[in-house]
Amino acid sequence: MNCCGLLTAQKEPVPLKSVEVELEVRDHVATVVSTLNYENKEDKPLEAVFVFPLPGDAAVCHFSATIGQTQIVAEVKEKQEAHEEYDDALSSGQQAFLLEESEQSPDIFSLSVGSLPPGESASIRLEYVTELAVQADDGLRFCLPAVLNPRYQPQGSGGSEGASVQVTSVPASLVPYSLSFSARVSSPRPVSKVESNCSLDPLQYLNPEQTQTTVKLAAGHKFDRDVELLIYYKDAHQPIAVVEAGQASAKPGTLMGDPVVMLSLYPEFPQAVMSSVASCGEFVFLLDRSGSMDSPMDHSKRQESRIGSARDTLLLLLKSLPMGCYFNIYSFGSRFQHIFPKSVEYSQKTMEESLKKVEEMGADLGGTEILEPLKHIYSQSCIPNQPRQLFVFTDGEVENTKEVISLVKKNSGSHRCFSFGIGEGASSALINGLAKEGGGHAQFITGTDRMQPKVMQSLRFALQPAVVDISVTWDLPKGVSVTVLSPPITALFQGQRSLIYAQLTGESSKAAESCVMVKYSLAGHPSQNQLHFSLKPAEDTGLTVHRLAARTLIRSLEMEEREQRGEQDKGVKKKVVECSVQSGVSSVFTAFIAVNKGDSEAVQGPLVRRNVPTPKYLMCSAVGYADCYYELGYELQCCYTDCLSLENDGYDNALELDDEEEWGETFSVKELSAGNAQVAVPKQTPRDPLLQLVSLQKASGCWVLDSALAAALGKTCEEVENTKPSAMNQEVWATILALIWLHGFKVDAQDEWQLLAMKAVSWLRAQNASCVTECVEAGNALLGCNVQKDVMGL
């Protein structure tokens, strides 16, 4: 009996055997070393091509190959030059290795292993550094992307010969190579905990202060999802400055030759200010309705679909908007739609009309063309005194990532953009790029995460007072000058870290201390963060800070070059190549190239190409979840069934999975003939009680006393009406009951309903109702709660 696995159409094995990943986290910076082990078991020389994801802001800084006892370290060269050297090596029978970034998206890389002889093994070492984003709960998020879903190519884009069009993928449970993963975390502050979406071995502290720890993936990890770690430190808001010495071999005055300082600012704003919310704004919601949004939020369970969760989230958003603001809802796939021709004032009528349209939204608009709806949104004139806030929901499977981000940056002066990456395989380059260039906040919703609390967190950011008049001032000793490499800080949020990289040129006669001052104004209150740092460089950190600084500069220059296309060449591309080659950090215009020029005998015979697949989810339309994607020319072999060959007809192969088998594990597959396919519709689950109650709230913030409210509270109409204090207005009574229910039964979901509850409290205060205390007591008695009046804000 054959084990489950993957063969090429010629019944030949895939040459990638295993992937080993070692992660080292120093405070909020991660260094990742991946080792890919190849073996050619065929009788002919191979070229293995592997297209895979990396974090969108990663700085790839090392690439080497080991064949037997020989190690070859790659160099960074201009991309065309690297391609020519790679082709020349292969044509002469030499072993060669090429690593390059996709031209469309900075989070996709292509690795070509050329002229691997029969019976030979090769070990590829890839190293990158990346900053760790801060989550709303102060956790630092590291994600090792495993799943790479095919990126949608918009119509008329023409594609390219870059890495992104070579993606080969198979269901994650059938990936033929293994993954091992270990992490080491160290910080000046104690590590309080490490969490993951995957099973981990127990945390191992390395010292009594608990500032160093190690963790590993538990045995049996199936490589069926991205590996996400959330790292929590004590005293998370403490600002940090790290000064790193330049490279001894580099020329002073250059980026790699001078010291570089990295400032980490994570201000904690006064709670009194942050608890207030704005009563104005134009809120534009842009929802992905492509076919892949029909897949479940968590592929390990048959749970709610992405589009279903997005509909519930829009319900919460619409109920939480303040009276007097403006809003509109766009949705997109291969085409886009909008509920209103332009943003309308928020009222009971417009809210009800929108909710009716939202309920009808499905993942039925085809592909993922996000650029056109964005252009349409930006073509609309901004409303005076209503700051535009754009919320983008997508599973992020697009090819033209850089074009989309460039458009957002071009319009960053007129709006803020909040982005939400839904599901495994969402492009980190797209989601982070939208938020970074749009001055907003990025959130990722994966595995068992609920979308609603993360989205409502971002809505609170959007409703909080804007931070204005941001300035950064450097105080350096005489003889030392500073060149800031990071873009100017345009937004500061509660719960968001800002990083500043700067090159320090020159020397001081004294080992003086320097400082940087960040000033801003929040709700009329001036604030400042002053951070002192020593000009004496820190101990050797492997040039991590320099490489991250180089990556920041390269990304800024690449964006500038994209904006200048079609205009007179101003040498921006040349600057990118120079910085990339000097720093050894990848860019879109360069590639890593390594050629084995040793004395070994040249590889003989014609080269056979083998595309190495990346994992993706098995998504099946036949059981009502999503499209089922398979690549042409692969066979699935399962030890429970006969071998079944699946041909790619563009997408949408209809399959039927046995319910008895565990989702994502071994399964039996039956091909459904055209015309008589029986599509099983999942049973309708009853609506979540919280959402049921929320759906009944009026735009003004109040509830109406009726049978629907009584049912949502779990009571009869008679019980609700008979316990009402005689002098109490019906809507006031209904609203207080709803607030008691929320605080009494759904306090664990407070992040989701807090804003709409605040609106309800504001409405109650405006009524100047008497006997509120008596009403709260009666409500507690009816619902069996003990919620105090002050807890509800009354």
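**Nonpolar cores and local backbone features**

In this predicted model, the largest nonpolar core comprises 80 residues, and the residues with the most contacts inside it are F283, F285 and F393. Helix α14, which spans residues 730-745, contributes the largest share of this core, namely 10 residues. Apart from this core lies another, made up of 55 residues, including L23, Y38, A58 and A74.

The surroundings of F393 can be described in further detail. When its neighbours within four places in sequence are left aside, F393 is in contact with F285, L286, L287, D288, T313, L317, F332, F420, I422, M451 and V455. One of these partners, F285, is itself listed with F283 and F393 as having the most contacts inside the largest core.

A polar residue, Q389, is placed in strand β25, which covers residues 388-394. Q389 has a relative accessibility of 6% and therefore counts as buried, the cut-off for this class being under 20%. The side chain of Q389 makes a polar contact with the side chain of R416, at 3.3 Å. With neighbours within four places in sequence again left aside, the residues in contact with Q389 are E282, F283, V284, R416, F418 and A462; R416 thus appears both in this set and as the partner in the polar contact.

Two backbone features were also noted. Most residues other than glycine have a negative phi. Against this background, S115, although not a glycine, has a positive phi of about 60°, and Q210, likewise not a glycine, has a positive phi of about 60°. S115 lies within strand β9, which comprises residues 108-116, whereas Q210 is found in the loop between β16 (204-205) and β17 (212-216). With a relative accessible area of 2%, S115 is buried, while Q210, at 31% relative accessibility, counts as partly exposed.

With regard to the protein chain as a whole, 16 helices and 39 strands are present. Of the 794 residues in the chain, 56% are buried, and the chain exposes about 33200 Å², of which carbon and sulfur atoms supply 47%. Among contacts between residues at least 6 apart in sequence, 74% join residues that are at least 24 apart.

Notes:
Residues numbered from 1 in each chain as written. Predicted model: local features only at pLDDT ≥ 70, side-chain atom pairs only at ≥ 80, totals over all residues. Heavy atoms only, no water. Helix = DSSP H or I, 4+ residues; strand = E, 2+ residues; numbered from the N terminus. Buried < 20%, exposed > 50% of the residue type's maximum accessible area, 1.4 Å probe, protein only. Contact = heavy atoms within 4.5 Å. Areas by Shrake-Rupley, 256 points an atom, 1.4 Å probe, with all protein chains shown as cover. Core = buried A, V, L, I, M, F, W, Y, C linked by side-chain atoms within 4.5 Å. Polar contact = N/O pair within 3.5 Å; in protein donor to acceptor, adjacent residues only side chain to side chain.
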